[in-house]
Amino acid sequence: MRIHQLPSQLIDQIAAGEVVERPASVIKELVENSLDAGAGRIEVDVEQGGIRLMRVRDDGEGVYRGDMALALCRHATSKINDMEQLERVSSMGFRGEALPSIASVSRLTLRSRQADSESGWEIQGGGGEAQAPAPVAHPTGTSIEVRDLFYNTPARRKFLRTEKTEFGHIEALLKRLALSRFDVAFSLRHNRREILSLPQAPNRMEQERRLVSLLGPTFLQQALFLEQEAMGLQLTGWVAHPTFSRSQADMQYFYVNGRAVRDKLVSHAVRQAYRDVLYHGRHPAYCLFLSLDPVRVDVNVHPSKHEVRFRDGRNVHDFLFRTLHRALSDTSPGRAVDHATGELLELPSAASAAAVTTGGITEVTQQQPFRFPVQERRAGYRPSFDAQRPSPTPRAAADLDTEIPPLGYALAQLKGVYILAENGQGLVLVDMHAAHERVTYERLKQDLQGTGVRSQPLLVPVSVPVSRREAELAEGMRDLLLTLGLEVDRLGAETLVVRAIPVLLQGTDAAQLLRDLLADMVVHGSSERIRSELDGVLATLACHGSIRANRRLTLEEMNALLRDMERTERSDQCNHGRPTWTRLEMSELDKLFLRGR
Ligand code: ADP
Ligand code: MG
């Protein structure tokens, strides 16, 4: 065969392969065009999963009559002119590919009217020869109708799934878009049934209402609102409490300058920030918006623009990690959002009215000004709880100016598992073991950041029979064990002796502790690996040192634990991401007893 130029229709169909994968990708391109046209309201109508019909109507600025044919041509766009504009592009589209691609694999009709035009105009796509627009009745704005997707590319049509699956993709996509632009009203209908109807959401209250419609009430109940700016980067949005983690990464919405992206750097930073508080294998939920100067991010990496490239990735990563990590640390009781089992929060009014912004971060439902606990820790705070040696309770009361502390005062212990306490609002229930484990873990981490975990010599050293391999391992890691508060020597080929253990773990079975620690170390292999996984090792220690179920505590011990929880970062969850406490307010108790107030 000789070389020849491909016909333009075929060029468009080839290009369509990159942009139009399925009905949802058509909706994405059309809705993004509407957003670029400054629409305040976008209506999406779909029949048979979009395969038969997709119609997107907007009230945007419309297309100039003389440009309508051009809109359907390849590489024709009204959004950029030159390289300089490409580098600072802020519109969703700019490649001028979507409409011609879609038109080449479907029956497309474009109808549009500009505000100063005497009528609307209509043009059909995909015909090859450009035709002149015909007049049509149409309000200001644009509607694009796409029928019979892939009717002329049977091979691609075979890849389409059932109507239900394709519609599922459309719905998920529209949710994603609706979360990106609170200032625009959206609606979605499938086979003439209304699926979504979202009014414009100009303020926090309305925005949270939209979040509830799209992500469900529990997400918002368990979310922190944050707002932080530094180095020309701005992050706002909602992150869910770790107790609201998901088994799949299906509630993660991240937008860069309004564009939904799935970016490795971003998800890595978020994962790191949650690492300490999320049980392995669980996925956090969030809806976050990052804004930065468009020149600092390249959106022209992929035709569908799902990926972006940051020019200073390191800074972006650090900023995201730090902001989120800080927000998530501050989830100790009293500062925390309401994660009790209660009902839907008195949305938006109560939530917004109570929101206070200090230090750049706001919490959704908190009543007191937000404070980072950093100062407190620098000032040399040492937790007072010690399972063996009760600390004086009155101190906590005095500290708080005789106000009742957030977790209240202990009343009793239930079945050796739960602490029951009374605070200003009602009943507080604490999982003793989980709470103590968290407190111990955070303290061990603090110790480690300082001079190392403080250790206490055992009155009687404990000798521990081990395998030769374990003995060698312990010998090789003597210094590391010392940093962890354990003094261990090798007595013989298969015998170790423990001479000291961490102060915080007094009273635990030293032999068992050492065996578990060695098991951890065997898994990690080299001592470098262990150093990088030290948090995990500390978690093992903390678990040992913690109060076991069925241990009886005195009221004083219980109160000391409550006070410790209040002062400990991230104490709302144990190291496995389970909640450590919950509460039943008087109103909820009243409801249980049908008692009107
Ligand atoms: P791009 O969005 O990359 O510019 P498209 O093929 O998606 O390319 O659209 C081509 C052009 O058609 C756009 O640049 C814009 O001028 C016009 N256009 C498309 N959809 C709309 C709309 N809903 N309202 C106004 N103009 C539109
Ligand atoms: Mg476009």
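## The four-stranded sheet and its helices

Helix α21 (residues 555-567) lies across β18, β19, β20 and β24, and its direction makes about 115 degrees with β18. Here axes are lines fitted to C-alpha atoms, for helices over the stretch in contact, and angles run from 0 to 180 degrees between N-to-C directions. Helices (H or I, at least four residues) and strands (E, at least two) are DSSP runs, numbered from the N terminus. This is a predicted model, where local features need pLDDT of at least 70 and side-chain atom pairs count only at pLDDT 80 or more, while totals for chains, interfaces and linings use all residues; side-chain values use heavy atoms, with hydrogens and water left out. Residues are numbered from 1 along each chain as its sequence is written, and chains are lettered from A and ligands numbered from 1 in the order in which they are written.

The sheet under α21 is open, with four strands in the order β18-β19-β20-β24 and antiparallel pairing; two strands pair if DSSP finds at least two bridges between them. At the edges sit β18 (409-414) and β24 (581-585), each pairing on one side only. From one strand to the next, the twist averages 25 degrees. β18 and β19 (residues 418-422) run antiparallel and share five bridges, with Ala412 opposite Leu420 in β19. Helix α15 (residues 432-449) also packs on this sheet, where it touches β18, β19 and β20 (426-431) and makes about 70 degrees with the direction of β20.

## Two helix pairs

Besides the sheet, α15 has a helix partner: its axis and that of α20 (residues 534-545) come within 8 Å and cross at roughly 135 degrees. That makes the pair oblique, given that angles under 35 degrees count as roughly parallel, over 145 as roughly antiparallel, 65 to 115 as roughly perpendicular and the rest as oblique. The crossing of α15 and α20 is right-handed; the term applies if the near helix is turned clockwise from the far one by less than a right angle, and left-handed if anticlockwise. On the α15 side the contact (heavy atoms within 4.5 Å) includes His433, Glu437, Tyr441 and Leu448, and on the α20 side Leu534, Leu538, Ala542 and Gly545 are among the residues met. By class, this contact has nine nonpolar, four polar and three charged residues. Ala, Val, Leu, Ile, Met, Phe, Trp, Tyr, Cys and Pro count as nonpolar, Asp, Glu, Lys and Arg as charged, and the others, Gly among them, as polar.

Now for the other pair: α2 (residues 23-36) packs against α7 (residues 163-180) at about 30 degrees, with the axes 8 Å apart. That angle makes α2 roughly parallel to α7, and their crossing is right-handed. From α2 come Pro23, Ala24, Ile27, Lys28, Val31 and Glu32, and from α7 come Glu166, His169, Ile170, Leu173, Leu174 and Leu177. Sorted by class, the contact of α2 with α7 has eight nonpolar, one polar and three charged residues.

## Other strand pairings

β13 (residues 286-291) is mostly covered, with five of its six residues buried; buried means under 20% relative accessible area, exposed over 50% and partly exposed in between (1.4 Å probe, protein chains only). Six bridges link β13 to β10 (residues 233-240) in the antiparallel sense, and Thr236 stands opposite Phe289. With β11 (residues 252-256), β13 runs parallel over five bridges, and Gln252 has Tyr286 as its bridge partner.

Elsewhere, β1 (residues 41-47) and β2 (residues 53-58) are antiparallel, joined by six bridges, with Val44 opposite Val56. They form a hairpin with five residues between them, and Gln48 in the turn has a positive phi of about 50 degrees. β2 also pairs with β6 in the antiparallel sense over six bridges, where Arg57 has Ser143 as its bridge partner.

## Backbone oddities

Most residues other than glycine have a negative phi. Asp148 is not a glycine, yet its phi is positive at about 50 degrees. Asp148 lies in the loop between β6 (141-147) and α6 (154-157) and counts as partly exposed at 26% relative accessibility. Lys415, also not a glycine, has a positive phi of about 50 degrees. Lys415 sits in the loop between β18 and β19 and is exposed, with a relative accessible area of 70%.

## Whole-chain numbers

The chain has 22 helices and 24 strands, and 51% of its 597 residues count as buried. Of the contacts with a separation of 6 or more, 71% are between residues 24 or more positions apart.
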